[in-house]
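Here are a few short exercises to work through with the structure open beside you. Try each task before reading its solution.

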Amino acid sequence: MVLFVTGVCGRDCWYCPLSETRRNKRVVYANDRLVKSPDDIIEEAEMMSALGTGVTGGEPFLVLDDVVRYCRLLKEHFGPDHHIHLYTGIAPTKAQLEPLRGLVDEIRLHPPQELWDGILTGPYAASVRTARDLGFSIGIEVPSLPGIEALAAILPELDFLNINELEWSETNAQAMRERNLDLEDGLHNAVGGAEAWAAPLLDDPKVHFCSSDFKDSVQLRERLKRIAANTARAFDEITGDGTIIYGILELEGDDLPLALSENINDIEISGNQVEMAWWMLAEMRDRLPGRKYVIERYPNEGIVLEVTPL
């Protein structure tokens, strides 16, 4: 599960992909669910059978008390094997890290691009050593940018270096254009040349490259499949991408057609809409008055992807 604890951040990275609904906003999201109470966090984690949680932002250390509370809640509910990693843009000190001991398993640092050349002499190297002394797994996670090969100097002190393929977004598009960057292709958000910048580091076993395609086609899909498996109704069809498909009949009056009355256990009625297996609606369409269509959407009342009239 991705636990977004705040949109507020003390940095202004030109490549930041955060949307306007989150950037600089004091909001909390568990995956895509706006969190109104801590119970929402547990419910979302259970809904997707989460094996762990990634805490991110904005800057989580700006709301450290909240992070401690949320992580303790997750560990107490799911047990110590629920793996929690925290992503931060600052170089946290011992005083900042100590409250997270026993709650966060792994720290992922994001040093700014301008400090990569001198990474061994700056505050982030000190944070790496402090985190290791306190018992955390420690690594760096940054986007693939020009000059990233300078991080090879600190690799011996890290447990890992995660490189995310630089991605184009609505909020960083202008900054991308100002730097004469463009999309790799018309199918994904990857920026052209981003993988090549990371190439000098990719032979090291500590380095992991996460492509834009992988995030779209694997990480999101697996999350949706877990949620669908836990929330789909008996008549929902779960696709290989983790979306669900079902049929809808819009009633023209108040009475349920006889053909559906005989299948009352296989339908769900909401207002003037009858939801059912799409194949059942297709087979019965000539006997059912009213507008009929098939819906494909993300599970648990997620966004609608396609509406197909019958």
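**Exercise 1.** Which residue follows α2, and what is the sign of its phi?

Solution. This is a predicted model, so read the values as computed ones. Start with the helix itself: α2 covers residues 64-78, 15 residues in total. From its first C-alpha to its last it reaches 21 Å, close to the 21 Å expected at 1.5 Å a residue. Now step past its end: Gly79 comes next, and its phi is positive, near 95°.

**Exercise 2.** Find which residues of α2 are buried, and what they pack against.

Solution. First list the buried residues: Leu64, Val67, Val68, Tyr70, Cys71, Leu74 and Lys75. Then look at their surroundings: the buried residues of α2 pack against β1, α1, β4, β5 and α3.

**Exercise 3.** Work out why Cys71 is in no disulfide.

Solution. A disulfide needs two cysteine sulfur atoms within 2.5 Å. The closest cysteine sulfur to that of Cys71 belongs to Cys9 and is 18 Å away, so it is too far for a bond. Cys71 is also buried, with a relative accessible area of 1%. Across the model, the count comes to zero disulfides. Cys16 is unpaired too, with the sulfur of Cys13, the nearest, 6.7 Å away.

**Exercise 4.** Describe how α1 and α2 pack.

Solution. Take the geometry: the angle is about 45° and the axes are 10 Å apart. The two helices are therefore oblique to each other, and their crossing is right-handed. Finally, check the contacts: residues of α1 including Pro38, Ile41 and Ile42 meet a set in α2 that includes Arg69, Tyr70 and Leu73.

Note on methods:
Residues are numbered from 1 along each chain as its sequence is written. This is a predicted model: local features need pLDDT of at least 70, side-chain atom pairs count only at pLDDT 80 or more; totals for chains, interfaces and linings use all residues. Side-chain values use heavy atoms; hydrogens and water are left out. Buried means under 20% relative accessible area, exposed over 50%, partly exposed in between (1.4 Å probe, protein chains only). Helices (H or I, at least four residues) and strands (E, at least two) are DSSP runs, numbered from the N terminus. The expected span of a helix is 1.5 Å times one less than its number of residues. Contact means heavy atoms within 4.5 Å. Axes are lines fitted to C-alpha atoms, for helices over the stretch in contact, and angles run from 0 to 180 degrees between N-to-C directions. Angles under 35 degrees count as roughly parallel, over 145 as roughly antiparallel, 65 to 115 as roughly perpendicular and the rest as oblique. A crossing is left-handed if the near helix is turned anticlockwise from the far one by less than a right angle, and right-handed if clockwise.
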